[in-house]
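Biologist: Please pick one part of this fold and take me through it closely. I would like to know how its side chains are placed, what it pairs with, and how the rest of the chain is arranged around it.

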Amino acid sequence: MSLELAVGRPPLVLLVDPSVASRHWMWRGMSRAFGVIEAGSVEAARDWMTRRPDIDALVVDDELPDGRGVELVGDLVAARHRVASRSIVLARPGAEWTRMAKLGTTLVERGDLRAVLAKLAGWFLTRGYAATASTTGRGPARG
């Protein structure tokens, strides 16, 4: 599957996970359809978002060495950052899951790459996206 935004590039996803092995595994699955850049901490994620305003989506583990993914997303929502509405928090189901869901956080169980890909594809294959792409002639590649 290959997706391209109306600007002629695949959507760019920032993947934030403290585990290099986990990031590599997720990167391999996501990079087939998306541009992917990586970070291992909240600080590194914020740095990427400052340097790369063209980031289209965020996938962040909830347990980071310098903070929580759900708090990073909450800060993005409060700041009305453009990526806030396309953010996924990877977390373990449990008591906190319900609280995070009530905040409106998009949650995916840690390790569920298929669910992450489905959510990202849903965001970038919307009717509005398709209309924009069809007027520019740069819709998703088929095949």
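Modeller: Happily, and one term first: a residue counts as buried at under 20% relative accessible area, as exposed at over 50%, and as partly exposed in between, using a 1.4 Å probe and protein chains only. This is a predicted model, in which local features need pLDDT of at least 70 and side-chain atom pairs count only at pLDDT 80 or more, while totals for chains, interfaces and linings use all residues. Residues are numbered from 1 along each chain as its sequence is written, and side-chain values use heavy atoms, with hydrogens and water left out.

The part I have chosen is strand β1, residues 12-16, where five of five residues are buried. Strands here are DSSP runs of E with at least two residues, helices are runs of H or I with at least four, and both are numbered from the N terminus. Leu12, Leu14 and Val16 point one way from β1, Val13 and Leu15 point the other way, and all are buried.

Now to the partners of β1. Two strands pair if DSSP finds at least two bridges between them. Strand β2 (residues 35-39) runs parallel to β1 and is joined to it by five bridges, with Leu14 opposite Ile37. Strand β3 (residues 57-61) also pairs with β1 in the parallel sense, over four bridges, and there Leu15 stands opposite Val59. Between β1 and β2 comes helix α1 (residues 20-30), and the three elements make a right-handed β-α-β unit. Right-handed means that, with the strands pointing away from the viewer, the path from the first strand over the helix to the second runs clockwise.

Stepping back, β1 belongs to an open sheet of five strands in the order β2-β1-β3-β6-β7, with parallel pairing. β2 and β7 (106-109) are the edge strands, each with a single partner, so one side of each has no neighbour in the sheet. Neighbouring strands are turned by 25° against each other on average, direction ignored. Angles such as this come from axes fitted to C-alpha atoms, for helices over the stretch in contact, and run from 0 to 180 degrees between N-to-C directions. Away from β1, four bridges link β6 and β7 in the parallel sense, and Ala91 stands opposite Glu109 in β7. Helix α2 packs on the sheet, where it touches β1 and β2, and its direction makes about 140° with that of β2.

The two sets of side chains on β1 can be followed into two cores. A nonpolar core is a set of buried Ala, Val, Leu, Ile, Met, Phe, Trp, Tyr and Cys residues joined through side-chain atoms within 4.5 Å. The largest has 22 residues, and those touching the most other members are Leu14, Val16, Met49, Leu58, Val60 and Leu72. Two or more residues each come from β1, β2, α2 (42-51), β3, α3 (69-78) and β6 (87-91), with α3 giving the most, four residues. Contact means heavy atoms within 4.5 Å; leaving out residues up to four places away in sequence, Val16 touches Ala39, Ser41, Ala45, Leu58, Val59, Val60, Asp61 and Leu64. A second, separate core of 17 residues includes Val13, Leu15, Val36 and Leu120.

Val13 deserves a pause, with a relative accessible area of 0%. With residues up to four places away again left out, its contacts are Met30, Phe34, Gly35, Val36, Ile37, Ala57, Val59 and Leu120. Its C-alpha atom is 5.9 Å from that of Asp56, although the two residues are 43 apart along the chain.

Finally, a look at α3, the helix that gives the most residues to the largest core. α3 lies across β3 and β6, running at about 150° to β3. Its buried residues are Gly69, Val70, Leu72, Val73 and Leu76. Seen down the axis, they fall within an arc of 160°, so they line one face of α3; the arc is that of the directions from the helix axis to the C-beta atoms. Their cover includes α2, β3, β4 (63-64), β5 (67-68), β6 and α4 (95-102). In the loop between α3 and β6 sits Arg80, which has a positive phi of about 55° although it is not a glycine. Arg80 is exposed, at 78% relative accessibility.
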